[in-house]
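Visitor: I am new to this structure. Please give me a close look at its inside, and then show me what can be found from there.

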Amino acid sequence: MKAVGIVVEYNPFHNGHAYHLTQAKKVAKADIVIAVMSGTFLQRGEPAMVDKWTRTKMALAGGVDIVIELPYVYSTAPATDFAKGAISLLTAVGCDSFAFGSEDGSIQPFLNTFELIDNNRTEYDALIKDSLKTGASYPKSLYYAYEQLTQKFPAPYIDLAQPNNILGFHYLEAARTLDSNIQPLTIPRIAAGYHDALKEDASIASATGIRKALATTSSLQSVQKVVPEKSFDYLADWHRHYKKFASWESFWPLLQFTIMRHTPSELTRYAEVTEGIENAIMKAAKNSSSFNSFMEKIKSKRYTWTRLQRMITHIYTGFTKEQLHSFEGPSFIRLLGMSETGQAYLGKRKKDIELPLISRVAAANNAMLAIDIHAAELYNLSIEQGVTALSLPKDYQTPPIRY
């Protein structure tokens, strides 16, 4: 059975995702689709709007055959490490190829871009350092260095100012760095850009646009046309039960408490908290009544919103620099759900899978997995506070979803 892998967050699963996985399966001539999906906290440093179990159901209903979890260590990491974690898992589970959506839509410019940077790594790194010294943010410094190289060595390259192109490049880079035989494929992104707002009468929208529409209108009907029927039903069930979708704004009281129970020097223990930002974080936490006002107080030219959110995520979950540097790669495959076809694939390929396959966490003793479970418990604490009886051990109680 031939498998194509995809890297997803499904926050939430929408019509554009359905198109992507259908095209991925077609282009790869694959029998099944395996998705490695972020758990409770995401790459941009924010809680998923609904939990991983609900998003797993959306994925399986939408045509994914196997859903495995991208551990917290990688799901909340900068793009390079996010990609390494994801591609490592897709390789370990036996995928023949991986397919990603991109603004460029053609794989050759990605290959050209990788060769350009790989062959000029010393100059590239020096240009980044020069840009950082001017006070530019790290993403802007990366783009500056890239622009300098492309002017010096002309060829068809990708536009690394586009968010999906950036992630796609890092997926390809990860596959090359890991010496993986997994074949890269790309699907052109259609209809809606990564940050585009929801447009009236559109059938495809970005996940960002969908979340913004739900946050501003509080009406599920506003997104009904841009998500599959099953996704809409799962979103409606969630909202009926919790009366809200998870966000930092809804987490703010617990986040504020978590920050203020520390001293500024204690905050420096947590991953990505660097260069004195801990003092600004503490001061802002004491003087903010909302998450957005808190973020407005600490944002600066030096720190992107995303980087700041990742710091905040690590403070909230208690994820330290020591933990971050204690792992060299994924050490297990956490199964969240599967279709009948996916189950058949795992049955046939089980002996060839390169990492332990975990379907129930109670029997597992793994430090990386413990971080995932702890993060999920803190996520559940915020979404369930004042809504229902707390059921923190969801990871222990919930078996892989069968569809």
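Guide: Start with the largest nonpolar core, which has 126 residues. The model is predicted. Seven residues have the most contacts inside this core: Ile6, Tyr10, Ile34, Ile66, Ile259, Ile281 and Phe294. Helix H18, residues 367-384, gives the core its largest share, eight residues.

Now take one of those seven, Phe294. What does phenylalanine 294 touch, once its neighbours within four places in sequence are left aside? Its contacts are Trp252, Ile259, Ile281, Ala284, Ala285, Ser288 and Ile312. Two names on that list, Ile259 and Ile281, are also among the residues with the most contacts inside the core.

Phe294 belongs to helix H14, so follow that helix next. Helix H13, residues 277-286, packs against H14 at an angle of about 145°. The axes of H13 and H14 are 9 Å apart. Their crossing is right-handed. On the H13 side, the residues that meet H14 are Ile277, Ala280, Ile281, Ala284 and Ala285. On the H14 side, they are Phe294, Lys297 and Ile298.

H14, residues 291-298, also meets helix H15, residues 305-317. Here the axes come within 11 Å and cross at roughly 115°. The crossing of H14 and H15 is right-handed. From H14, Phe291, Asn292, Phe294, Met295, Glu296 and Ile298 make the contact. From H15, the partners are Trp305, Leu308, Gln309 and Ile312. Phe294 and Ile298 of H14 thus take part in the contact with H15, and both also meet H13.

H15 includes residues 305-317, and arginine 307 offers a link across the chain. Serine 137 and arginine 307 are 170 residues apart in sequence, yet 9.9 Å apart in space, C-alpha to C-alpha. Where does serine 137 sit? Its place is in the loop between helix H6 (121-133) and helix H7 (138-152). Is serine 137 buried or exposed? Its relative accessible area is 5%, so serine 137 is buried. Leaving aside neighbours within four places in sequence, serine 137 is in contact with Leu132, Lys301, Arg302 and Thr304.

Next, turn to a strand. All six residues of strand S6, 333-338, are buried, so S6 is largely enclosed by the rest of the structure. Which strands pair with S6? Strand S3, residues 66-70, is one partner, and the two pair in the antiparallel sense over four bridges. In this pair, glutamate 69 stands opposite arginine 334. Strand S7, residues 357-358, runs parallel to S6, joined by two bridges. Arginine 334 appears again here, standing opposite isoleucine 358 in S7. S6, helix H17 (residues 340-349) and S7 make a right-handed β-α-β unit. Strand S8, residues 401-402, pairs with S6 in the parallel sense over two bridges. There, methionine 338 stands opposite arginine 402. Keep a rule in mind when looking along any regular strand: side chains alternate between the two faces of the sheet.

Finally, look at some loops. Most residues other than glycine have a negative phi, and most peptide bonds are trans. Three places depart from that pattern. The peptide bond from asparagine 11 to proline 12 is cis, with omega near 5°. Proline 12 lies in the loop between strand S1 (3-8) and helix H1 (15-28). Lysine 29 is not a glycine, but has a positive phi of about 50°. It is found in the loop between H1 and strand S2 (32-38). With a relative accessible area of 66%, lysine 29 is exposed. Lysine 243 has a positive phi too, near 65°. Its loop runs between helix H10 (229-242) and helix H11 (248-260). Lysine 243 counts as exposed, at 60% relative accessibility. Set these two lysines, exposed at 66% and 60%, beside serine 137, buried at 5%.

Note on methods. Residues numbered from 1 in each chain as written. Predicted model: local features only at pLDDT ≥ 70, side-chain atom pairs only at ≥ 80, totals over all residues. Heavy atoms only, no water. Buried < 20%, exposed > 50% of the residue type's maximum accessible area, 1.4 Å probe, protein only. Contact = heavy atoms within 4.5 Å. Pairing = 2+ DSSP bridges. Right-handed = clockwise from strand over helix to strand, strands pointing away. Core = buried A, V, L, I, M, F, W, Y, C linked by side-chain atoms within 4.5 Å. Axes fitted to C-alpha atoms, helices over the stretch in contact; angles between N-to-C directions. Left-handed = near helix turned anticlockwise from the far one by under 90°.
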